[in-house]
Each structure stands twice: as structure tokens, then as C-alpha cells.
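Trainee: I've got this one open on my screen, but I'm a bit lost. Could you pick out a part where charged side chains come together and walk me through it and what surrounds it?

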Amino acid sequence: EQWYKIKIYYYSQSPEKLPEIKREKSVQNSHPLFEFKTKQLDLPAGGLTTMIRQTPDKSSLYIGDGRNLLLRVNKDFVIQEKIEVPSPPLDIEFMSDDEIYITCVGIIHPHDQPLGRIIKMDDKGSMETIIENLKRPISTNVADLNNDNNPDFVFSEYGNIIGELSWYENTGAESYLRHT
């Protein structure tokens, strides 16, 4: 009933058309310290960029695509590698040159289904699901939270109605204890 009243209020008070924005200055495509360049990736139209992360050595970028792709591109935006993942990738945590953790959202639109997962990928492209059944995870951090020399995970699960922040304690042998 309250939601209905809120909607009625906004519908009755909102203008038919928003006022035109008058800018004092036009947007500039120049800067004294660097040059703007645009590049087009060789991908089919209609993609959805879900993340952009630079590698620690700054040699390339990882670009997440809503079509369950993780792209590695060089400085010239030439695709070096197309990696298929189970669902759209939203985050990457670089642990070392030969180990990264990829956060796969499950379904990109708001939902509460536990379809998200964290994948560990090595330098040869081999992938292994580390943690699954996450509710739309959007961010992952890896750290040794309890000083036992095992990487623990902190997740932000956005969900739709249900969401939470939790950490998974690495108890060894690919086993994790969830703390909400």
C-alpha cells in the first residue's frame, strides 16, 4: 500500500518533460597531459562490458563481457585471448603472475538465485571452481584474514532482495567455512 502511494505521488508530481540542461562549457576531448584515443574491439555488436581490470604489470587489460567472455587485450586493444567463463565476469583478483580469481555473477540482472561462483585460473588457462552457490557476487577480495597462510575470500553478494557481505575461511583441502 505504501509503495502504491509513493508511485502515485511521483507520477502526479513529475513533469511531462525534464528541462533542457544548458552547459556553460562544452565537453573537451583534450588534455595537456595525455591524448585521447578511441579503439574498437573486434567483437559482435550488442555486448555488455561488465568489468575492466589492468594487470599488475600494466601490460594488458582484462575486459569482462556479458556474453560470458573474459578478454585479455594488449595496450593497442588487440585481443590476445578470449576466455569463455560460466557467466559474466564482474571482478578479478590477481594473486600472482600465474594465478587469478574470477568472480562470475551467475545472472547479471538482479536475482536471488545462488548461481554465482569464483573460479581460479592458472597461467595455462586451466580453470577450477573454488566457491559456488553465491547470490550474484559482484566483488571479491582475497587475503589471509586469520594468519594461517591460506587465502581467504571476502564476497559482496548483491542479489536482488537478499544480499550480504561474507568471508569464506580457507580450512585447507579446497574447503571453506562461511562467515556472514
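Mentor: Sure, let's start with Glu-157, Glu-164 and Arg-178, which are linked in a network of salt bridges. Keep in mind as we go that this is a predicted model. The basic idea behind such links is that side chains of opposite charge can pair when their charged atoms come close.

Now find where these three sit. Glu-157 is at the end of strand S10, which covers residues 152-157, and Glu-164 is at the start of strand S11, residues 164-172. Arg-178 falls within strand S12, which runs 175-179. To see how those strands fit together, look at the open sheet of four strands, ordered S9-S10-S11-S12, with antiparallel pairing. Its edges are S9 (137-143) and S12, each of which has a partner on one side only. From one strand to the next, the twist averages 25°. In general, what holds a sheet together is pairing through backbone hydrogen bonds, either parallel or antiparallel.

Zoom in on the pair that carries the two glutamates. S10 and S11 run antiparallel to each other and share five bridges. One pairing to look for is Phe-153, whose bridge partner in S11 is Tyr-168. If you carry on past S11, you come to Ala-173 in the loop between S11 and S12. Ala-173 counts as exposed because its relative accessibility is 79%, and the cut-off for exposed is over 50%. The C-alpha of Ala-173 is separated by 20 Å from that of Phe-155, 18 residues away along the chain.

Back to the charges. The network belongs to a wider set, as the model has eight salt bridges by the rule used here. A good one to compare with is Glu-99 and Lys-120, whose closest N and O atoms are 3.5 Å apart. This pair ties together distant parts of the chain: Glu-99 is in strand S6 (99-104) and Lys-120 is in strand S7, 21 residues apart. Glu-99 is partly exposed, with a relative accessible area of 23%. Lys-120 is partly exposed too, at 23%. Both labels follow because partly exposed is the band between under 20% for buried and over 50% for exposed.

Since we've landed on S7, follow it into its hairpin. S7 (residues 116-122) pairs with S8 (residues 127-134) in the antiparallel sense over six bridges. Gly-116 on S7 has Leu-134 as its bridge partner in S8. Four residues lie between the two strands, and Gly-125 has a positive phi near 90° in this hairpin. Two neighbours along the chain, Asp-123 and Lys-124, form a salt bridge with their closest N and O atoms 3.6 Å apart. Asp-123 counts as exposed because its relative accessibility is 52%, and Lys-124 counts as exposed at 72%.

Asp-65 and Arg-67 give you another setting for a salt bridge. Their side chains meet at 2.8 Å, N to O. Asp-65 has 3% relative accessibility, so it counts as buried. Arg-67, at 32%, is partly exposed.

While you're checking phi angles, there are a couple of residues that deserve a look. Most residues other than glycine have a negative phi. Lys-58 isn't a glycine, yet its phi is positive, at about 65°. You'll find Lys-58 in the loop between strand S1 (49-54) and strand S2 (61-65). Phe-77 is another non-glycine with a positive phi, about 60°. Phe-77 sits in the loop between strand S3 (69-73) and strand S4 (79-84), and it counts as partly exposed because its relative accessibility is 33%.

Finally, swing round to helix H1 for a part of the surface without charges. None of its twelve residues is buried, so the helix lies largely in the open. Trp-3, Ile-6, Tyr-9 and Tyr-10 make a nonpolar surface patch of about 510 Å². Ile-6 belongs to H1, which spans residues 2-13, and counts as partly exposed because its relative accessibility is 41%.

So when you go back to your screen, begin with the network of Glu-157, Glu-164 and Arg-178, then trace the order S9-S10-S11-S12 around it.

Definitions and conventions: Residues are numbered from 1 along each chain as its sequence is written. This is a predicted model: local features need pLDDT of at least 70, side-chain atom pairs count only at pLDDT 80 or more; totals for chains, interfaces and linings use all residues. Side-chain values use heavy atoms; hydrogens and water are left out. Patches are made of residues with over 30% relative accessible area and no salt bridge: like charges are joined within 9 Å, nonpolar side chains (Val, Leu, Ile, Met, Phe, Trp, Tyr) within 5 Å. Accessible areas come from the Shrake-Rupley method with a 1.4 Å probe; for residues, only the protein chains shown count as cover. A salt bridge is a side-chain nitrogen of Lys or Arg within 4 Å of a carboxyl oxygen of Asp or Glu. Buried means under 20% relative accessible area, exposed over 50%, partly exposed in between (1.4 Å probe, protein chains only). Two strands pair if DSSP finds at least two bridges between them. Axes are lines fitted to C-alpha atoms, for helices over the stretch in contact, and angles run from 0 to 180 degrees between N-to-C directions.
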